[in-house]
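Please work through the exercises below with the sequence and the model side by side, and try each task before reading its solution.

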2 protein chains.
Amino acid sequence: MQAQTNRQLILRSRPKGLLAPGDLELVQTPLPTIHDGQALAKAKYLSVDPTMRVWMAVDTYLPACAIGEVMRAIGLAEVVESRHKEFKKGDKVVGLTGLQDYCVIDSADKRGGLRKVPPIPFLSDTAFLGVLGATGLTAYFGMMDIAKPQKGETLVVSAAAGATGSIAGQIGKIHGCRVVGIAGGAEKCKWITEELGFDAAVDYKQPDWKEKLAAATPKGVDIDYENVGGEIMHEVLKRMNLHGRVVLCGLISGYTKEDPALESFATILRKRLRVQGFIILDYADRFMEGATQLGKWKMFGKLKHRETIVEGLEKAPDAINMLFTGANIGKLIVKV
Amino acid sequence: MQAQTNRQLILRSRPKGLLAPGDLELVQTPLPTIHDGQALAKAKYLSVDPTMRVWMAVDTYLPACAIGEVMRAIGLAEVVESRHKEFKKGDKVVGLTGLQDYCVIDSADKRGGLRKVPPIPFLSDTAFLGVLGATGLTAYFGMMDIAKPQKGETLVVSAAAGATGSIAGQIGKIHGCRVVGIAGGAEKCKWITEELGFDAAVDYKQPDWKEKLAAATPKGVDIDYENVGGEIMHEVLKRMNLHGRVVLCGLISGYTKEDPALESFATILRKRLRVQGFIILDYADRFMEGATQLGKWKMFGKLKHRETIVEGLEKAPDAINMLFTGANIGKLIVKV
């Protein structure tokens, strides 16, 4: 009988590209025995998320899933036996169950611990894996804390028909943005516009998708909620307005291939870096403030500077090249 | 006599790579005649900046310099004749003089207008092109407004012996940072450590520079003041601590070549975008807040969601691949 064994998907090898047969092996193991402070829960639903492909491959914000271990996954499970004071039989829990039938809830295990799901009448259990789960929360905090959408702004969401993108775009609509989704195929595009209320959808599988993106963003793009990376991100960046915000949430285009061009963006995402482009002209009305402070530091000997002086206007072209060959130290100046 | 003619460097062609002879042509033109509201100034010093190479090539934060026009440049000039009420003979001015002997100050010209330089005893005229000029101000606002250096943090500055980098690093020292400069060659490295007080210098022309960078940043990197881009930026990014800040100030490694991998970063810089990587785990202690708001929106019909359900634990590997082939709509879930 199935109840007496635990089926588990074990990570056997780190995939190259898409998962190949054998990367995850289905094995049957005896049902775990629980001790005091533990409970046994049976998985009902398991969440399938792009980040799992990252967990299979490399250490990132979490260590990579170890070879020989049950593949890490978020799931919704029901307690079937309990010697844990906080859980009783029938409780529904959500958290890192792993890709297996049964998991053990252990009071000693803080990290990835499973938490009880409240029974909410209008919500299905699966909502706790999606709209109210990790993907919905990702959309929520990415939009509310990082994008901070303002009425009238244009938001572009890539992977817009995905679990996170579909919620991020709707949060944009709630806040009065023009929302444009990028998705692959007519069905997805129809869903996000007709059912979710996105203002426009761009089907990146159509050859003219770049023109469509431009047409759908006549006032440019203020916020890019980025789930894809690569060419799609690059095209959205080109449409960005000055001082726009890019919520770097996912780079799914790069998870199944090695692309050095994506590596810097992967680092920015994984390390949650903030990259801010800037041009001094934006500070023109504060030049006096800056020059005054720099002048004070200079006067008190806290700031040293050095100049490389080239004589003669006619030497200016050579001087420009010196910058790129590393020939100057400090400020490069032509004396006329 | 030289005073009767104006030597000008005219942009004749947009350079490929380094400037070639003929890209800028030296011509002699008659001395400009000034009218009421104008003054004539004679250039004493002209600033040579990496951004000039960008101005020669493409429209960015300023339109590209037009073919046939005097090459755009910042300079320090002295008024030699004035019919302008705000300037008198002998005044020193700084601003967009262009690469030429003489320029006209026009009261109607707001943009790029030249401003008077105050006589400050301890400062040479050239300081207004460097430490107190555009490059010093760039370092000041990039550090103070974007990097916001905190005591004990590690700052890495690339092109550290350049006009901007050398000031940015010293501002880091003033604020109690450990400052590591990346520069090319022993002389530059010696200058920034021995004279400017940087804690360490990494000579990127040495084959082991990556190991040296790692050794110089034992606690990782909190702030990258980035002037170079490309491989140097990539290596610094790898050393960044979680939630670090990257001040994207320049990408000089890419100004003289076409590198698609740099293009997205060039866009971020030119459009002054803010790119923020994020991972939902950072918000773990606010999950309830997020789920409550999402639940409310869901209850009031403002949020729709959709699920793609795959049946059977054994189908999980295929389900993971569905994410990368675009096969699912909305949240992808395995029903066990």
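The exercises that follow move from the whole model to single helices and residues.

This is a predicted model, in which local features need pLDDT of at least 70, side-chain atom pairs count only at pLDDT 80 or more, and totals for chains, interfaces and linings use all residues. Residues are numbered from 1 along each chain as its sequence is written, chains are lettered from A and ligands numbered from 1 in the order in which they are written, and side-chain values use heavy atoms, with hydrogens and water left out.

**Exercise 1. State the confidence of the model and the relation between its two copies.**

Solution. Begin with pLDDT, the predictor's confidence in each residue on a scale from 0 to 100: its mean over chain A is 92, and 98% of the residues of that chain reach 70 or more. For the model as a whole, the scores are ipTM 0.88 and pTM 0.90. Next, superpose the copies by least squares on the C-alpha atoms of residues with pLDDT of at least 70 in both; chain B falls on chain A after a rotation of 180° with 0.0 Å of shift along the axis, at an RMSD of 0.0 Å. The two copies are therefore related as by a two-fold rotation axis. Finally, 100% of the interface residues of chain B are also interface residues in chain A, so the copies meet through the same surface.

**Exercise 2. Describe the largest nonpolar core and follow one of its residues.**

Solution. A nonpolar core is a set of buried Ala, Val, Leu, Ile, Met, Phe, Trp, Tyr and Cys residues joined through side-chain atoms within 4.5 Å, where buried means under 20% relative accessible area, exposed over 50% and partly exposed in between, with a 1.4 Å probe and protein chains only. The largest such core has 102 residues, and those with the most contacts inside it are A:Leu24, A:Leu99, A:Ile268, B:Leu24, B:Leu99 and B:Ile268. Helix α9 (residues 316-325) of chain B gives the largest share of this core, 6 residues; helices (H or I, at least four residues) and strands (E, at least two) are DSSP runs, numbered from the N terminus. Now take B:Ile268 and leave aside its neighbours within four places in sequence: its contacts (heavy atoms within 4.5 Å) are A:Leu237, A:Phe265, A:Val275, A:Gly277, B:Leu248, B:Leu273 and B:Val275.

**Exercise 3. Decide whether α9 of chain A is enclosed or open, and say what covers it.**

Solution. Of the 10 residues of helix α9 (residues 316-325) of chain A, 7 are buried, so the helix is largely enclosed by the rest of the structure. The buried residues are A:Ala316, A:Pro317, A:Ala319, A:Ile320, A:Asn321, A:Leu323 and A:Phe324. Their cover includes β14 (307-311) and β15 (331-335) of chain A, together with β1 (5-11), β2 (24-30) and α1 (51-57) of chain B. Just after the helix, A:Gly326 takes a positive phi of about 75°.

**Exercise 4. Check the length of α3 in chain B and its burial.**

Solution. The expected span is 1.5 Å times one less than the number of residues; for the 12 residues of helix α3 (residues 163-174) of chain B this should be 16 Å, and the end C-alpha atoms are 17 Å apart, which agrees. Since 10 of the 12 residues of α3(B) are buried, this helix is largely enclosed by the rest of the structure. B:Gly176, which follows α3(B), has a positive phi near 80°.

**Exercise 5. Locate A:Ser47, B:Ile279 and B:Phe122, and find their partners in the other chain.**

Solution. A:Ser47 lies in strand β3 (residues 38-47) of chain A and is buried, with a relative accessible area of 1%. Its side chain is joined to that of B:Lys331 by a polar contact of 2.6 Å, a polar contact being a pair of N or O atoms within 3.5 Å of which, within protein, one must be able to donate a hydrogen and the other to accept it, while residues adjacent in sequence count only if both atoms are side-chain atoms. Beyond four places in sequence, the contacts of A:Ser47 include B:Lys331 and B:Leu332.

B:Ile279 is in the loop between β13 (274-277) and α8 (287-299) of chain B, and at 7% relative accessibility this residue counts as buried. Not counting residues up to four places away in sequence, B:Ile279 touches A:Tyr61, A:Leu269, A:Arg270 and A:Arg272.

B:Phe122, in the loop between β7 (115-116) and α2 (134-147) of chain B, is partly exposed at 36% relative accessible area. With the same exclusion of residues up to four places away, B:Phe122 touches A:Gly295, A:Lys298 and A:Met299.
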